[in-house]
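Student: I would like to go through this model one term at a time. Can we start with what sits around the ligand?

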Amino acid sequence: MSLLPWVLALHTLAAVIWVGGMFFAHMLLRPALGDRQPADRLGLWRQVLPRFFRWVWLSIATLLVTGYGVVLWGYGGFGNLPPHVDIMQTTGLMMMALYAYLFFLPWRAFRRSFDKGELAGAAGQLGKIRQIITINLPLGLFTTAVGATGGFWTY
Ligand code: HEM
């Protein structure tokens, strides 16, 4: 039996975990915490985000290995790619670059400020994280839709 369905299943599950996690955090958890005291609200993100970020790193590694695995062994290389895979690759790499920026700059600064008790600084950094998710969430929804349906648009 071909390995391809297993590899694509892993690829899809990684996309669901990353994009679904962003949707839950941004669209549901964030508004639900709106009326809490800053220490309480920021403290919750301090606990939730590192747990989510471990899954995002795992999802990114899985998307890259499985995605380029299918490109190389399924499509026989970069010369034969249909447009939807090129689009997915481009927007997917943009999402990964934005996430890496978010993780290494605002997230680390948030953690440092929060752990020193500087709540105003931490809130500023959390605002930057929110702005990046405002871009990365629609990009993730778009990339998922393109990946899943891209091959059918020409029919
Ligand atoms: C960045 C590098 C990526 C590469 C090289 C890549 C490559 C691929 C390839 C070759 C396919 C099979 C497409 C087909 O044969 O029609 C695929 C499917 C898919 N990709 Fe990606 N992908 C990448 C990133 C992403 C990202 C970031 C997401 C979503 C967040 C995503 C979501 C999907 C989905 C939902 C499918 C459909 C799976 C299926 O229906 O079998 N991909 N990808």
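Tutor: Yes. The model is predicted. In it, an oxygen atom of the ligand lies 2.8 Å from an N or O atom in the side chain of histidine 84.

Student: What makes that pair of atoms a polar contact?

Tutor: A polar contact is a pair of N or O atoms within 3.5 Å. The distance at histidine 84 is 2.8 Å, so the pair qualifies. Tyrosine 75 has a polar side-chain atom 2.4 Å from an oxygen atom of the ligand.

Student: Which protein atoms are donors of the iron atom of the ligand?

Tutor: They are NE2 of His11 and SD of Met88, lying 2.1 Å from the iron atom. Donors are N, O and S atoms within 2.8 Å of the metal, so both atoms count. Histidine 11 belongs to helix α1 and methionine 88 to helix α3, 77 residues apart.

Student: Why is the arrangement around the iron atom called octahedral?

Tutor: There are six donor atoms, and their angles run from 81 to 180 degrees. Six donors count as octahedral if opposite ones are over 155 degrees apart and all others between 65 and 115, and the arrangement here is octahedral. Ideal angles for six octahedral donors are 90 or 180 degrees.

Student: How do you know that histidine 11 is buried?

Tutor: Its relative accessible area is 16%. Buried means under 20%, so histidine 11 is buried.

Student: Which helix gives the most to the shell around the ligand?

Tutor: Helix α3 does, with six residues. Helices α1, α2, α3 and α4 each supply at least two.

How values were computed
Residues are numbered from 1 along each chain as its sequence is written. This is a predicted model: local features need pLDDT of at least 70, side-chain atom pairs count only at pLDDT 80 or more; totals for chains, interfaces and linings use all residues. Side-chain values use heavy atoms; hydrogens and water are left out. Donors are N, O and S atoms within 2.8 Å of the metal (3.2 Å for Na, K and Ca); water is not among the atoms, so sites may look incomplete. Four donors count as tetrahedral if all angles lie between 85 and 135 degrees; four count as square planar and six as octahedral if opposite donors are over 155 degrees apart and all others between 65 and 115; anything else is irregular. Helices (H or I, at least four residues) and strands (E, at least two) are DSSP runs, numbered from the N terminus. Buried means under 20% relative accessible area, exposed over 50%, partly exposed in between (1.4 Å probe, protein chains only). A polar contact is a pair of N or O atoms within 3.5 Å; within protein, one must be able to donate a hydrogen and the other to accept it, and residues adjacent in sequence count only if both atoms are side-chain atoms.
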